[in-house]
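Grab a pen and work through these short exercises. Each one comes with a solution you can check against the structure.

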Amino acid sequence: MNPMSLSTKYILIGLVILGLVAAYLYTSLRFTDQIENDARRINLAGRQRMLSFEMAWLLGRAVKGTAGERAELLSYLEGEISLFEEMLHALRDGSDRHDLRPLPKGGSLDLIEGLIEEWTEGMKPVLLEAMAGSPEAFRRYNSLIHGYVDRIDGFVNSLEKDYRREFMLYGRVRFGLMAVFVAVFVVLAFYVRNSIVMPILRLREKARAIERGDLDTVVVVKNRDETGELADALNRMSASIKAFIDERMKREEELTTQRQELLALADASNIIGAVSPPENIYEAVCNTVVKNFDLKLVWLGLVEEGTHLVRPVAQAGFEEGYLSSVNISWDDSPSGMGPTGMAIKTKGSQVISDIEKDPEYAPWREEALKRGYRSSMAVPLINSDGDVMGTLNLYSSEPGFFTRDRVRIFNVFANQAATAIEKIRLIEGLEERVRERTAELEETNMELKKLFNAVEQAAEAIVITDVRGRMEYVNPAFTEISGYSREEALGRTPAILRSGKNPPGLFKEMWKTILSGRIWKGTVVNKAKSGELYYEEMTVAPVKDERGEITHFIALKKDVTARIKAEEELKQKTLELQRHGKRLQKLYEISFTISADLKEFTRRLLSDVAEMLDVDTAALGRIVDRQWEAYAVVNRRPMPMEEGMRVPLDEVFCGIVHETGNPLVINDARRSARYRRHPDLVKHGVASYLGVPLLVKGEPFGILCTFSRSPHQYAWYDVVLHQLLSKRLEFEFIKERYESELRSAMLRAEAASRAKSEFLANMSHELRTPLNAILGFSDLLLQGLAGELNEKQAEYLRDIYESGDLLLSLISDILDLSRIEAGSMEVEYSEVPVRELINNTLVLFKERILKHRLSLATEIGEDVGTIEADGRRLKQVLMNLLSNAVKFTPEGGSIKVTARRVEGDEEGPDR
């Protein structure tokens, strides 16, 4: 052990005084506890005496007060009676609450038993009778209280005698020990002062300086013990605290800025989501960023196909010819190595913190500084296929403006802008495809019409039969269409062409029609000699002779196979376009859906996706500890999948998406050499799958996927749909994270407000108790219960009473403040005499008016009478007005108080 250490010094001092302390403790511990117990009993008896007078004063105020005041005072008095009785029994029997032991036998015990008996049998019944409203009981109680208080004083005196006797005994024993202590302490005092006390005092001054906020003070202690080490530690701690406070203030400013910028990001996303044409959305993106983030310039450039040029399409802010003065590309030339070119090549954001100093910005520095641009950022606009469409370029007049948090915010905004641009391009592309397909169908119809005309003129199949249906004539078009030669057809019925694909009863209806002499028209499905099916529009008409009898039938047959197939194809394409339209409409609705519950929003989105794609299950899973955890699941058909379950990544197709970071499409895993042995198919039975990764703040978060037990034909636009929805979910998860932080801050603010209200209420209540005693004793003196008073004394006591009553009102106002904040403030209406209210209030300002040499005049109308109001609060208003008048009126000035009754008009009652 180091002999110079503080521990060594204390051990040496302790060994010296250990023997003395042992003797001292042995004698003092037995006496100290008894003395403390007696002191607490004396203090409690003294409080009993004050409580007796306070109950008498409260009873007097309750008898004289109004009904509302009486109820409140009696309720308060009942609590005081309970406290009084508890204290009486505690003085005799002891109490854990007051930390008292039972009173030992002796004269004090007899006195307290007498006090308890007198209270129980004499004082309390009279007090309860007075509280019930008996004036005689009130007078009896006032006459009894003085004698009872005198007996309490006697009990207190007895306790004090016992206390002094015990204390003197303890003092004699202690005196002997103290004589020895003095001799030892004189020797040690000088040593302790120089080697221990003075360094500690200097350490204390350092601690107080830190408490005052003075973190620059340095304490110097030359000791080589723990105090010296503690001094060095305090110096280092104050430096660390100063650095921490500086960093904390800087961080709070950054958080405030981030909250504002996140709100701006939400507004910006809503604005760009409502724009339709591409030209408008380009301008909306630039204008929104400049407006919400206070930037110097924002411009949006698109990559021209087939070249390395970047063409500006929209700009906002202070540009003044900048874009026309610089050459912007993304090739390997010097002009292509700037932020815009590198953002396109790397598909990542590029930040120039200081344009004036960054060597990479040299080709454009002069023009940029000329216009006040000091920092810049280029964000790539990436579509769902991972290709760069262009860049969003931002310029600030502040160096270092684009911090890491702002870069994340602008990346999220750029993703939103890219999604919105791609969505509009996709919609326009689908509309263009619809127009092209319509033109194709119209062209096909024209071709069909030309074919029909050509068949009418010569190319139609013509068949003539007898009345039994045997073919007697066929034209070349028939042989060409059916494949039967003329020789093979003649003499046989058209039944050789039957395919068995026609509706039941079709030919029966045809024969019934033509045999009745009418023409039959219809479309039939025939089978050529080769076995190939073809469609024919057939018109069968009876041929009659001169007598009107049917001799033959003639059939005109037009091959409409191409047209029928085109119509079926058109119907399929129309249905497909309708499905695309419904998906786009649903995607549009999802983009503007707002939900307070993120999980419920995710379930609705998954339900819509599962229904649109007609799959068994749609799910959103998070990646946790190399496992896929189901965050939200929607099962349209029975699947062993539920929310919260976890599956190892190597057992599910989602593991492939997580590893590659790219979408994965599997239409039929059973037919795939790569996937048919995958555990997701073998263990879980997933035959078809579509999954896309979900990123939050650029980091892998989870996977949005749909899958079925059976094969499914996913199209390219299904992948696009998943990617667009993943971007929407990314935004919602980011928004939820920041909303959670905001809610935590609001809860802390509300807790601080509640603590303030509770503090006001508790402090106001604690102040009322001694103030009630002051008012009680003043009232008892004014009533003459303590002896007669002269006029001057009575006047001073009235001033004391009125000032105390005013202070009690102010404390009640503090309680009102806490009630107002708690929402429980109530107004007590009563009839208030206006003249009396004004005169009583003016008395309180008499001394202040004389002190400031002011003159006071009153003008009170004869008809003011009384008004219905809360008298206490009305008096408070008047006192506040008079206080301000006295405060702001110069010396020698005058104050005038006027009160008159004004008759109301049609708009209101008298006031």
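## Cysteines first

At 0% relative accessibility, C286 counts as buried, since buried means under 20%. Keep in mind that this is a predicted model.

**Exercise 1.** Work out whether C705 is in a disulfide, and whether C705 is buried or exposed.

*Solution.* Start with the neighbour: the nearest cysteine sulfur to C705 belongs to C654, 3.9 Å away. A disulfide needs the two sulfur atoms within 2.5 Å, so C705 is in no disulfide. The count for the structure is 0 disulfides. Next, accessibility: C705 has 1%, so C705 counts as buried.

**Exercise 2.** Describe how helix α20 packs on helix α22.

*Solution.* Two packed helices are described by the angle and the distance between their axes. Here α20 (residues 834-844) and α22 (residues 871-888) have axes that come within 10 Å and cross at roughly 45°. That angle makes α20 oblique to α22. The crossing of α20 past α22 is right-handed. Now list the contacts: L837, I838, T841, L842 and L844 of α20 meet G871, L874, K875, L878, M879 and L882 of α22. Sorted by type, the residues of this contact come to 8 nonpolar, 2 polar and 1 charged.

**Exercise 3.** Find where D99 and R626 sit, and say what is notable about phi in each.

*Solution.* D99 is in the loop between α2 (67-93) and α3 (107-131). Its phi is near 60°, a positive value in a residue other than glycine. With 45% relative accessibility, D99 counts as partly exposed. R626 is in the loop between β11 (617-624) and β12 (627-635); phi of R626 is also positive, near 55°, and R626 is not a glycine.

Methods
Residues are numbered from 1 along each chain as its sequence is written. This is a predicted model: local features need pLDDT of at least 70, side-chain atom pairs count only at pLDDT 80 or more; totals for chains, interfaces and linings use all residues. Side-chain values use heavy atoms; hydrogens and water are left out. Axes are lines fitted to C-alpha atoms, for helices over the stretch in contact, and angles run from 0 to 180 degrees between N-to-C directions. Helices (H or I, at least four residues) and strands (E, at least two) are DSSP runs, numbered from the N terminus. Angles under 35 degrees count as roughly parallel, over 145 as roughly antiparallel, 65 to 115 as roughly perpendicular and the rest as oblique. A crossing is left-handed if the near helix is turned anticlockwise from the far one by less than a right angle, and right-handed if clockwise. Contact means heavy atoms within 4.5 Å. Ala, Val, Leu, Ile, Met, Phe, Trp, Tyr, Cys and Pro count as nonpolar, Asp, Glu, Lys and Arg as charged, and the others, Gly among them, as polar. Buried means under 20% relative accessible area, exposed over 50%, partly exposed in between (1.4 Å probe, protein chains only).
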